[in-house]
Amino acid sequence: MDTRTTSQEARPLPTAPEPGILAAFEAAKGFMPVDEGLALYAAAVEAGRLGLPLLEIGSYCGRSTILLADAARAAGVTALTVDHHRGSEEQQPGWDYHDPETVDPELGLMDTLPTFRRTLHRAGLEDHVVALVGRSPRVAALWTAPLALAFIDGGHTDEHATADYEGWAPHIADGGLLVIHDVFPDPADEFTGQAPYRVYLRALASGAFTEISVTGSLRVLRRTGAGV
Ligand code: SAH
Ligand code: MG
């Protein structure tokens with residue numbers, strides 16, 4: 001088949017990233033296992049068929065962004081990623097998920113933006129990503145464009161996870177996807193709280209979303225109704 005002349009619908013899209021992209025993902029700092037990353041990638045490619053941007057909340061050092069950016073490249077859309085780059089509560093000095101390499105020595109504050117930029121540049125994906133640097137609710141308050149996918153992987157307190165849902169889920173287009181990371185129904189499994197699980201339950205209870213896949217702590221829901 002001559003793929004140059006086929007329509008958006010008929011164009012065969014990849015279901016998994018190429019080895020070079022997968023290697024870049026595995027080499028990147030971050031908090032996403034490979035099986036969950038592959039599920040995120042597949043969801044992102046599928047959602048990208050809507051011809052609308054893919055959005056991530058929680059860029060950190062660009063690990064999951066690599067997958068969204070590569071899926072966006074394949075689908076011919078843009079990946080957007082939101083982060084203030086100062087780290088979540090559990091990533092601050094003295095906490096379990098702290099990485100001293102993420103501290104800006106001049107300010108003595110976390111700054112994951114330089115590593116994020118290196119990660120995307122090295123993966124050759126810089127052109128497919130727009131990084132939004134700021135607090136998620138402040139960016140969401142200005143947002144009006146429809147999204148093919150929103151991936152919630154930001155702060156894990158109820159305040160942050162709820163604000164991410166309320167700020168971004170309404171912008172997911174009909175047929176688009178809501179992906180939530182770190183969903184732990186059993187409190188014995190979780191390390192950073194169950195706020196993402198509560199957001200997941202709320203999304204299902206809204207009647208606007210239908211679950212389509214579960215991979216580890218990653219949940220993929222499709223927007224099938226109104227009233228988020
Ligand atoms: N997706 C990443 C991990 C994200 S960690 C990966 O694959 O490795 C969570 C990130 O959310 C942190 O970088 C933190 O700075 C960011 N964050 C937490 N609360 C936020 C908020 N309210 N607004 C913007 N970013 C936030
Ligand atoms: Mg996560």
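By class, the residues that line the largest pocket comprise twelve nonpolar, 19 polar and eleven charged ones. The model in which this pocket is found is a predicted one, and the pocket itself has a volume of about 750 Å³. Its lining is made up of 42 residues, and those closest to the centre of the pocket are S88, Q91, D153, G154 and G155. Several elements take part in the lining, since α3, β2 (79–83), α5 (136–142) and α6 (158–168) each supply at least two residues, while the largest share, four residues, comes from α6.

From the pocket we can turn to the nonpolar interior. In soluble globular proteins, nonpolar side chains tend to be buried together. In this model the largest nonpolar core has 34 residues, and L54, L149, F151, V179 and L218 are those with the most contacts inside it. Two or more residues of this core come from each of the helices α1 (19–27), α2 (34–48), α3 (63–75) and α4 (113–122), and likewise from each of the strands β6 (147–152), β7 (172–180) and β9 (218–223). A second core, separate from this one, has 27 residues, including A150, Y165, I172 and L178.

It helps to follow one residue of the largest core more carefully. If neighbours within four places in sequence are left aside, F151 is in contact with M32, L40, L55, E56, I57, S64, L68, V179, H181 and L218. Among these partners, V179 and L218 are themselves listed with F151 as residues with the most contacts inside the core.

The aromatic rings offer another way through the structure, which holds four aromatic pairs. In one of them, the rings of F31 and Y60 have their centres 4.9 Å apart and their planes at 45°, and the pair therefore counts as tilted, because this angle is neither under 30 degrees nor over 60. F31 lies in the loop between α1 and α2, whereas Y60 lies in the loop between β1 (54–57) and α3, so that the pair links distant parts of the chain, 29 residues apart.

How are the planes of F31 and Y97 placed, and what kind of pair do the rings form? Their centres are 5.7 Å apart and their planes stand at 75°, so this pair is edge-to-face. Because Y97 sits in the loop between β2 and β3 (103–104), and F31 in the loop between α1 and α2, the pair ties together parts that are 66 residues apart in sequence.

Through such ring pairs F31, Y60 and Y97 are linked into a cluster. Within this cluster, Y60 counts as buried because its relative accessibility is 10%, which is under the 20% cut-off. F31 is partly exposed, with a relative accessible area of 35%, and Y97 is also partly exposed, at 28%.

Note on methods:
Residues are numbered from 1 along each chain as its sequence is written. Chains are lettered from A and ligands numbered from 1 in the order in which they are written. This is a predicted model: local features need pLDDT of at least 70, side-chain atom pairs count only at pLDDT 80 or more; totals for chains, interfaces and linings use all residues. Side-chain values use heavy atoms; hydrogens and water are left out. A nonpolar core is a set of buried Ala, Val, Leu, Ile, Met, Phe, Trp, Tyr and Cys residues joined through side-chain atoms within 4.5 Å. Buried means under 20% relative accessible area, exposed over 50%, partly exposed in between (1.4 Å probe, protein chains only). Contact means heavy atoms within 4.5 Å. On a 1 Å grid over the protein atoms alone, a cavity is a set of points where a 1.4 Å probe fits but cannot get out, and a pocket is an open set with protein on both sides within 12 Å along at least five of seven lines; lining residues have an atom within 4 Å of a point. Grid points are joined across faces, edges and corners, and a volume is the space filled by probe spheres set on the points. Ala, Val, Leu, Ile, Met, Phe, Trp, Tyr, Cys and Pro count as nonpolar, Asp, Glu, Lys and Arg as charged, and the others, Gly among them, as polar. Rings of Phe, Tyr and Trp (its six-membered ring) pair if their centres lie within 6.5 Å; planes under 30 degrees apart count as stacked, over 60 as edge-to-face and the rest as tilted.
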